[in-house]
Amino acid sequence: MRLLSIFLILILVSCQNHTPSAKTIDMYNAAGDMVGTAKLTEQSEGVKVEIKVENLTPGFHGIHVHEFPKCKAPDFKSAGNHFNPEGKEHGLMHPEGAHLGDMPNVEADESGLVDGEIIIPEATLLDGNKSIVQKGTALIIDEDKDDGVTQPSGNTGARILCGEIKPESEEKAKESPTDPTDTEDQEEED
Ligand SMILES: [Zn+2]
């Protein structure tokens, strides 16, 4: 009963702060087409990412959280490097790794569909320096698989899909959902 009370208090506190426990983002390709979604859920062991995207080359692809919530097609360089608040090296197999935004590769089936679930162990949707929402980040899928050790980003080739994980404040300020045709000439906000 006591545990339940604590749990309820935690829920209430998180509601008061308007911190999300779940968030779904749209994933776009370099041509500006929406090709799927990623659902992010706050869990005790980290942030769960349920990713469902289509039209990829069959096989393994790198997937990472990047520094900035800006997916400017076609190269998505606007999203910056891998999200790395603790100054580590790249790669889940690197002895001095990994970036907080590093994740295991996803695999597209023969039809090009990725439908999977990954945990980002260190991340949170709540506030703090490990938050992937507080200042905003982006989720990017790469052309090739991440080899887990090569600096700075695993030799993953081009960035092919991108989804903005926007901070809540920015989300509320916008009246309408992002129009992908706008991304080309979207003004810089800071
Ligand atoms: Zn990395």
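Of the 190 residues in this protein, 34% come out as buried. The model is a predicted one, and its secondary structure amounts to 2 helices and 9 strands. Going along the sequence, the order is α-β-β-β-β-β-β-β-β-β-α, with a helix before the run of strands and another after it. As for how the chain folds back on itself, take the contacts between residues at least 6 apart in sequence: 59% of them link residues at least 24 apart.

The sheet pairing can be picked up at strand E1 (22-29) and strand E2 (34-43). These two run antiparallel and are joined by 7 bridges. Within that pairing, Thr24 has Lys39 of E2 as its bridge partner, while Met27 sits opposite Gly36, also in E2. The two strands make a hairpin with 4 residues between them, and in this hairpin Gly32 adopts a positive phi near 90 degrees.

E2 then carries on the pattern with strand E3 (46-53). Here the pairing is again antiparallel, this time over 8 bridges, and Glu42 faces Val47 of E3 across it. E2 and E3 also form a hairpin, with 2 residues between the strands.

E1 has a further partner in E9, a strand that spans 159-165. The two are antiparallel and share 2 bridges, with Asn29 standing opposite Leu161 in E9. E1 thus pairs with E2 and also with E9.

What about the interior? The largest nonpolar core holds 35 residues, and those with the most contacts inside it are Val53, Ile132, Ile140, Leu161 and Cys162. Eight strands each put at least two residues into this core: E1, E2, E3, E5 (63-66), E6 (106-108), E7 (114-120), E8 (137-142) and E9. The hairpin-forming strands E2 and E3 are therefore joined in the core by strands from much further along the chain, E8 and E9 among them.Val53 gives a residue-level view of this core, being one of the residues with the most contacts inside it. Leaving aside residues up to four places away in sequence, Val53 touches Met27, Val35, Gly36, Val114, Ile141 and Leu161. Several of these names have come up already: Met27 and Gly36 are the residues that stand opposite each other in the pairing of E1 with E2, and Leu161 is the residue of E9 that stands opposite Asn29. Leu161 is also listed, like Val53, among the residues with the most contacts inside the core.

Definitions and conventions: Residues are numbered from 1 along each chain as its sequence is written. This is a predicted model: local features need pLDDT of at least 70, side-chain atom pairs count only at pLDDT 80 or more; totals for chains, interfaces and linings use all residues. A nonpolar core is a set of buried Ala, Val, Leu, Ile, Met, Phe, Trp, Tyr and Cys residues joined through C-beta atoms within 7 Å. A residue is buried if 20 or more other C-beta atoms lie within 10 Å of its own, exposed if 12 or fewer, and partly exposed in between; C-beta atoms are placed from the backbone. Two residues are in contact if their C-beta atoms, placed from the backbone, lie within 7 Å. Two strands pair if DSSP finds at least two bridges between them.
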